[in-house]
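Subject: Structure handover

Hello,

Here is the structure you asked about, with the sequence alongside. My notes on it follow below.

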Amino acid sequence: MHIPVSKPYFIPFITAGDPHPEATIELALALQAEGAAVLELGVPYSDPLADGPVIQRASSRALKQGMTLSRTLELVGKMRKRGVHLPIVLFTYYNPILAFGEERFANVAKQVGANGVLVPDLPYEEGAAFRNICRNHGLAYISLVAPTSQSRIEKIANEAEGFLYCISSLGVTGTRDTFSKELKSFVDTAKKYSPVPVVVGFGVSKQEQIAHLLTFSDGIVIGSALIRRIEELHDLLYEPAMRHKAVHQFRQFVRELIAPILAMDTFNR
């Protein structure tokens, strides 16, 4: 998976089908227009172990819309036809892939236009076979490293594709007020071994946090803060006649939140 040359990278996460599949397409186009480098598209799942309450609620809303792994893959194809051209990484738990079939999943994902996959509950040591399947189909397998991965960072980072996702802190997704003092050292170590950009996610929700993280990372993954805003705009996003207004408000929110990224990107140019 190729990430555009310009940086720092803004990598948003949204859930497929929340609050409606058509709204997901509009939100993806909005994020693309606001400068996203990659889109993480969450596959709704009934037991999202790595996700906090905000993203759990998003999965629940999407599941009520009838979203499945198959329908998420179909949605990616529709996104491409509607003009979403930025790289799309499917964020999915392993059980849906296993039920769908690993080889079939990689084949269909590539055909519909996905660029990568991130599987938070598949440990590195147990994922070699699936990583090879993804590689054979031209899908980047996005690796995660956590602060507890110290003895494994070099091994995981060396094989990273697309980008390396550094988890800011232990626990589930969700906004946080502070990050560990050791986070910079952790990211610096990952950057030493990674051949791809190293980004930080989990809990990023404020301008000042983004500005701080950009002093030592290549980019930021933002999920819960965006999902919370989508939740607030739920009724407007769900109604076709009001969706344009809601997307405009969402874009304003995103633009304000990522101001430090936009400022640094402008400076780099």
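In strand 2, L39 and L41 point one way while E40 and G42 point the other, and all of them are buried. Please keep in mind that this is a predicted model. Strand 2 runs parallel to strand 1, and three bridges join the two. Within that pairing, I14 stands opposite L41 of strand 2.

Helix 3

Helix 3 covers residues 69-81, which makes 13 residues. At 1.5 Å a residue the helix should span 18 Å, and its end C-alpha atoms are 19 Å apart, so the expected and modelled lengths agree. Its buried residues are L69, T72, L73, L75, V76, G77 and M79. What do these buried residues pack against? Their partners are helix 1 (21-33), strand 2 (39-42), strand 3 (88-91), helix 4 (94-100) and helix 5 (102-112). Strand 2, described above, is therefore one of the elements that helix 3 packs against.

Both ends of helix 3 have something to look at. At the N-terminal end, T68 acts as the cap, with a side-chain oxygen 3.4 Å from the backbone nitrogen of S70. Just after the helix, G83 takes a positive phi of about 110°.

Salt bridges

Side chains of opposite charge can pair when their charged atoms come close. The count of salt bridges comes to 13. Some of them are described here.

R82 and E22 meet through their side chains, at 2.4 Å from N to O. R82 lies in the loop between helix 3 and strand 3 and E22 lies in helix 1, so this pair ties together parts that are 60 residues apart in sequence. R82 counts as partly exposed, at 37% relative accessibility. E22 is also partly exposed, at 30%.

E125 and R152 form another salt bridge, at 2.8 Å from N to O. This pair links distant parts of the chain, 27 residues apart. E125 sits in the loop between strand 4 (116-118) and helix 6, and R152 in the loop between strand 6 (143-145) and helix 7 (153-158). With a relative accessibility of 27%, R152 counts as partly exposed.

The salt bridge between K184 and D188 has its closest N and O atoms 2.7 Å apart. Both residues belong to helix 8 (residues 183-193), and because they are four residues apart there, about one helical turn separates them. K184 is partly exposed, with a relative accessible area of 41%, and D188 is partly exposed at 31%.

There is also a network of salt bridges that links D18, R57, R61 and E231.

Backbone features

Most residues other than glycine have a negative phi, and most peptide bonds are trans. Two places in this model are worth checking against that.

One involves D18, a member of the network just mentioned. A cis peptide bond joins D18 to P19, with omega at about 0°. P19 is found in the loop between strand 1 (9-15) and helix 1.

The other is F202, which has a positive phi of about 85° although it is not a glycine. F202 lies in the loop between strand 8 (198-201) and helix 9 (207-213). Is F202 buried or exposed? The residue is buried, because its relative accessible area is 7% and the cut-off for buried is under 20%.

A buried arginine, and the cysteines

R131 is found in helix 6 (residues 128-136). Its relative accessible area is 8%, so R131 counts as buried. Which residues does R131 contact, leaving aside its neighbours within four places in sequence? They are Y124, Y141 and E159.

How many disulfides does a search of the whole structure find? The search finds zero. On the cysteines themselves, C134 counts as buried at 0% relative accessibility. C166 is buried too, with a relative accessible area of 0%.

That is the full set of notes from my side.

Regards

How values were computed. Residues numbered from 1 in each chain as written. Predicted model: local features only at pLDDT ≥ 70, side-chain atom pairs only at ≥ 80, totals over all residues. Heavy atoms only, no water. Expected span 1.5 Å × (residues − 1). Buried < 20%, exposed > 50% of the residue type's maximum accessible area, 1.4 Å probe, protein only. Contact = heavy atoms within 4.5 Å. Polar contact = N/O pair within 3.5 Å; in protein donor to acceptor, adjacent residues only side chain to side chain. Disulfide = S-S within 2.5 Å. Salt bridge = Lys/Arg side-chain N within 4 Å of Asp/Glu carboxyl O. Pairing = 2+ DSSP bridges.
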